[in-house]
Amino acid sequence: MGGSPKPAGTSGTAGRPRSAAQRWAARLALLVAAAAIALLLASAGVRSLALLGVGAAGLAVTAAALWWALSRHGLARALAAALAALLPLAVLGSYATVGLLWAVLATLALWVVAALIGRAALGADRTPAAPRQHPAAPPTAPFLIMNPRSGGGKVGRFDLVAKARALGAEVAVLDPAHPQDVAELARGAVARGADLLGVAGGDGTQALVAGVAARHGLPFLVISAGTRNHFAMDLGLDRDDPSTCLDALTDGVELRIDLGLIGERVFVNNASFGVYAAVVQSPAYRDDKVHTILRELPDLLTHQVGPRLTVSAGDSVIDAPQGVLISNNPYQLGDAAGLGRRARLDSGVLGVIGIKVDNAAQAAGLLRGGHARGLTLLTNSEVVVDSDAPDVPVGVDGEALQLPSPVTCRIAPGALRVRVPRERPGVPEAKPRMDWRELGRLALQK
């Protein structure tokens, strides 16, 4: 349970015995990578170094231009945006002028193939990390809350109310015209003898009712009727057909997962601080998201407005970040396809992603990914976010709040019993980060 922070997303795979197929795949990946380098050298000779330099410089300046576009107003923003759009085209044009565009593109393609093969080799024997399943008897008095507006009307489109009632569930359908306290509805159902609570709605509503279920030791049912369904995705549920989640009422198993706590409020996904949390507080955000973000970003990014944050996680401190995301279990960052996804929900630690970019050079440095100076990745069981203002804006599972500073986030290991269908798509396998050194060691194994 983590007193000491550690980098999120480390694979821990070095030194393990690997299969012959993995070793040969690693060798093939290195061979393809060598072919990419050989192709560039054969076609461009000593000019290949210049080509790589031009490409790297173009990427760095483009990243810097994007920073200027986000952190400036008026003409400066327009010029920076134009530079960010035109510079990549200019780099490709320079390659075409000397007749080497085909070689550069072919080299990039080979390098991508090598990386894909290498990641397959490193991850071939990885098994998806999933909470242990426990047998579960069907509930006798399930109580479900359904939001008919959530997910563009999925409750009605999939006839969830009638299907749930046919399975013996009591269903409370929210009235969009008269907002209701969903936590109070859940507490009332518990008082009447409900032995399972569930929600068909967004993650913010899921979190409020999950908190009630956890406090009373009751199982909780997630019905993937929201817009993005991040919580359902990380539970391995079917996000295309939320009615399949109701199978848990008759043929379900139980998982024990963690919950995040911000003060005494539960979050199932994350709590965000800084720029994003400040922007969503604006009354204009819901009606005009893009223009509101563009209008407010420059002053927020340059610390001219908004609170100055200090984040403490164990012995680690992040001073004055523009953005902080604290998640119920760490997000995986090594796989572009897995961004916004958690490999597991029972690790017993919070994930922390902090971003601090104060100039164009630091913005360009973000191209280094997890090694960038402006990006901090931590895990810990408790994280404290302090501010130079008495209150700090926070986005909790998509809900905009103002909380008194300092704000303490904690993990509650195994606090929630989640009832899921026995048959479900499952959580996609977490892929390892591409590590060329480890790939080399694997290729040399006998």
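E254 ends up buried in this predicted model, and its relative accessible area comes out at just 9%. Since the cut-off for calling a residue buried is under 20%, that value settles the label for E254. The residue sits in strand β6, which spans residues 252-262. Its side chain has two arginine side chains to talk to: a polar contact with R417 at 2.7 Å, and another with R419 at 3.2 Å. Leaving aside residues up to four places away in sequence, E254 also touches V418, along with R132, Q133, H134, A136 and P219.

Strand β9, residues 309-313, has two faces. L309, V311 and A313 make up the covered one, while T310 and S312 are on the uncovered side. Two strands pair up with β9. One is β14 (residues 382-387), which runs antiparallel to β9 and is joined to it by four bridges; here V311 from the covered face has V385 as its bridge partner. The other is β10 (residues 316-319), again antiparallel and again with four bridges, where A313 is matched with S316. The β9-β10 hairpin has two residues between its strands, and G314 there takes a positive phi near 65 degrees.

Over on the surface, L86, L89, L92, L105 and L108 make a nonpolar patch of about 490 Å². Helices α3 (74-97) and α4 (101-123) each chip in at least two of the patch residues, with α3 providing the largest share at three. L108 belongs to the α4 side of things.

Terms used: Residues numbered from 1 in each chain as written. Predicted model: local features only at pLDDT ≥ 70, side-chain atom pairs only at ≥ 80, totals over all residues. Heavy atoms only, no water. Buried < 20%, exposed > 50% of the residue type's maximum accessible area, 1.4 Å probe, protein only. Polar contact = N/O pair within 3.5 Å; in protein donor to acceptor, adjacent residues only side chain to side chain. Contact = heavy atoms within 4.5 Å. Patch = residues over 30% accessible without salt bridge, like charges linked within 9 Å, V, L, I, M, F, W, Y side chains within 5 Å. Areas by Shrake-Rupley, 256 points an atom, 1.4 Å probe, with all protein chains shown as cover. Salt bridge = Lys/Arg side-chain N within 4 Å of Asp/Glu carboxyl O. Pairing = 2+ DSSP bridges.
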